[in-house]
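Student: I should like to take a close look at a single part of this protein, its nonpolar interior, and to see how the surrounding features are placed.

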Amino acid sequence: MSKVSIIGAGFVGSTVAHWAMIAGGCQIILVDVVDGLAKGKVLDLIQAGPIAGHAIDAVGTTDMAETANSDIVIITAGVARKPGMTREDLVSINAGIVGGVVKEVIKYSPNCTIIMMTNPLDTMTYLAYKLSGFPRERVIGQAGVLDGGRMKTFIAMETGLDPENIHTTVLGGHGDEMVPLVRFSSIGGIPLSSFLTPEQIDRIIARTRDGGAEIVRYLKTGSAYYAPGASACKMAQAIAKNQHHIYPASVFLQGEYGLTDICFGVPVILGKNGVERIIELDLNDEEKAALKRSADLIRSTMAALKF
Ligand code: APR
């Protein structure tokens with residue numbers, strides 16, 4: 001059974017715990033600095049187990065020592081954005097929080113795989129990679145699963161077709177310049193253009209890019225958590241069960257896609273060693289230019305980091 005620690009028991013962290021307990025097969029440690037928060041949420045979650053029929057193997061705590069020897073650590077600690085804010089606006093406050101958390105994570109679980117969820121995602125993944133000293137295979141940012149899931153949803157809404165039939169690929173940074181790749185998306189293996197007009201596809205791309213902000217505008221006091229939580233849970237499962245599943249994820253690049261010294265969303269194979277392989281797609285000039293714009297936005301955010 002894998003030990004999975006989730007740092008931050010706010011909306012995202014507690015929802016990851018919920019999805020993970022539904023999936024089963026792991027022991028959950030939920031940690032938050034706020035006294036009683038993780039403990040209270042875990043008590044509620046485990047009491048749901050016998051009712052909903054899911055696992056109850058979970059602990060809530062303020063003590064990072066309880067995370068010792070985790071196989072996977074999912075970091076959600078940090079503030080969420082409010083209406084009018086971009087994910088990039090969170091960089092200075094969340095860098096301080098994530099920096100402190102990473103130091104504790106590597107102290108107690110030197111062999112774990114880190115899944116980053118705190119925004120701005122690619123910059124926080126980069127920070128965790130640099131501070132941890134872990135190999136790049138074990139520091140992975142969650143973004144593309146969520147963005148791709150949103151794109152699937154909007155395609156299903158537009159076509160009326162089964163979402164399970166829909167495959168999407170969204171690469172690049174988890175920001176307004178993310179890159180939904182139409183050529184690498186399909187429905188039942190058939191190109192999107194067989195089902196959707198160019199105007200419909202443009203609309204879907206725009207709504208995918210704005211997917212997080214649309215929710216923030218409705219919620220007013222925070223950001224999304226059900227779909228982000230489900231996304232992190234899928235990635236953790238792929239690692240814990242050595243699934244060799246291809247997901248887009250933010251990883252440290254060393255020349256792939258012409259990029260170096262940046263964490264960036266690319267297709268990866270996830271298995272027991274974390275990132276088993278980075279897959280390089282054969283992109284056309286337009287797609288390459290879109291990825292470059294996305295990388296430029298991340299680099300401007302990274303400039304605010306101090307080590
Ligand atoms: N250790 C543990 N928990 C911490 C720490 C820390 N050092 N610092 C802050 N936290 C906790 C807060 O106490 C809070 O409970 O992180 C939690 C964050 O929860 P929310 O405010 O509900 O934010 P949430 O919606 O969960 O988003 C968290 O995920 O998707 C991203 O953009 C989002 O960066 C944000 C993060």
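Which residues of the largest nonpolar core touch the most other members?

Tutor: The model is a predicted one. In its largest nonpolar core, which holds 78 residues, the members that touch the most others are Ile28, Ile74, Ile75, Phe264 and Leu270. This core lies between domain 1 (2-141) and domain 2 (144-302), because both domains give residues to it. Apart from this core lies another, of 13 residues, including Val170, Leu192, Ile204 and Ile205. In soluble globular proteins, nonpolar side chains tend to be buried together.

Isoleucine 75 merits a closer view. Beyond its neighbours within four places in sequence, Ile75 is in contact with Ile7, with Val98, Val101, Val102 and Val105, and with Ile114, Ile115, Met116, Met117 and Thr118.

The ligand site may be considered next. The ligand is surrounded by 20 residues, of which Phe11, Val12, Asp32, Val79 and Asn119 are the closest. Three polar contacts to ligand oxygen atoms can be described. A polar side-chain atom of aspartate 32 lies 2.6 Å from one ligand oxygen atom. For phenylalanine 11, a backbone N or O atom lies 3.0 Å from an oxygen atom of the ligand, and for asparagine 94 a polar side-chain atom lies 3.4 Å from an oxygen atom of the ligand. Asn119, one of the closest residues to the ligand, is joined to proline 120 by a cis peptide bond, with omega near 0°. Proline 120 itself is placed in the loop between β5 (113-116) and α4 (121-132).

Two loop residues show unusual backbone angles. Histidine 244, in the loop between α8 (226-240) and β12 (245-254), has a positive phi of about 55° although it is not a glycine. Tyrosine 257, in the loop between β12 and β13 (260-271), likewise has a positive phi of about 55° without being a glycine. As to their surroundings, histidine 244 is partly exposed, with a relative accessible area of 45%, whereas tyrosine 257 counts as buried because its relative accessibility is 15%, which is under 20%.

Finally, there is an open sheet of three strands, ordered β7-β10-β11 with antiparallel pairing. Its edge strands are β7 (166-167) and β11 (190-191), each of which pairs on one side only. Strand β7 is joined to the antiparallel β10 (residues 186-187) by two bridges, and histidine 167 stands opposite serine 186 in β10.

Note on methods:
Residues are numbered from 1 along each chain as its sequence is written. This is a predicted model: local features need pLDDT of at least 70, side-chain atom pairs count only at pLDDT 80 or more; totals for chains, interfaces and linings use all residues. Side-chain values use heavy atoms; hydrogens and water are left out. A nonpolar core is a set of buried Ala, Val, Leu, Ile, Met, Phe, Trp, Tyr and Cys residues joined through side-chain atoms within 4.5 Å. Buried means under 20% relative accessible area, exposed over 50%, partly exposed in between (1.4 Å probe, protein chains only). Domain bounds come from an automatic or database domain assignment. Contact means heavy atoms within 4.5 Å. Two strands pair if DSSP finds at least two bridges between them. Helices (H or I, at least four residues) and strands (E, at least two) are DSSP runs, numbered from the N terminus. A residue is near a molecule or strand if one of its heavy atoms lies within 4 Å of it. A polar contact is a pair of N or O atoms within 3.5 Å; within protein, one must be able to donate a hydrogen and the other to accept it, and residues adjacent in sequence count only if both atoms are side-chain atoms.
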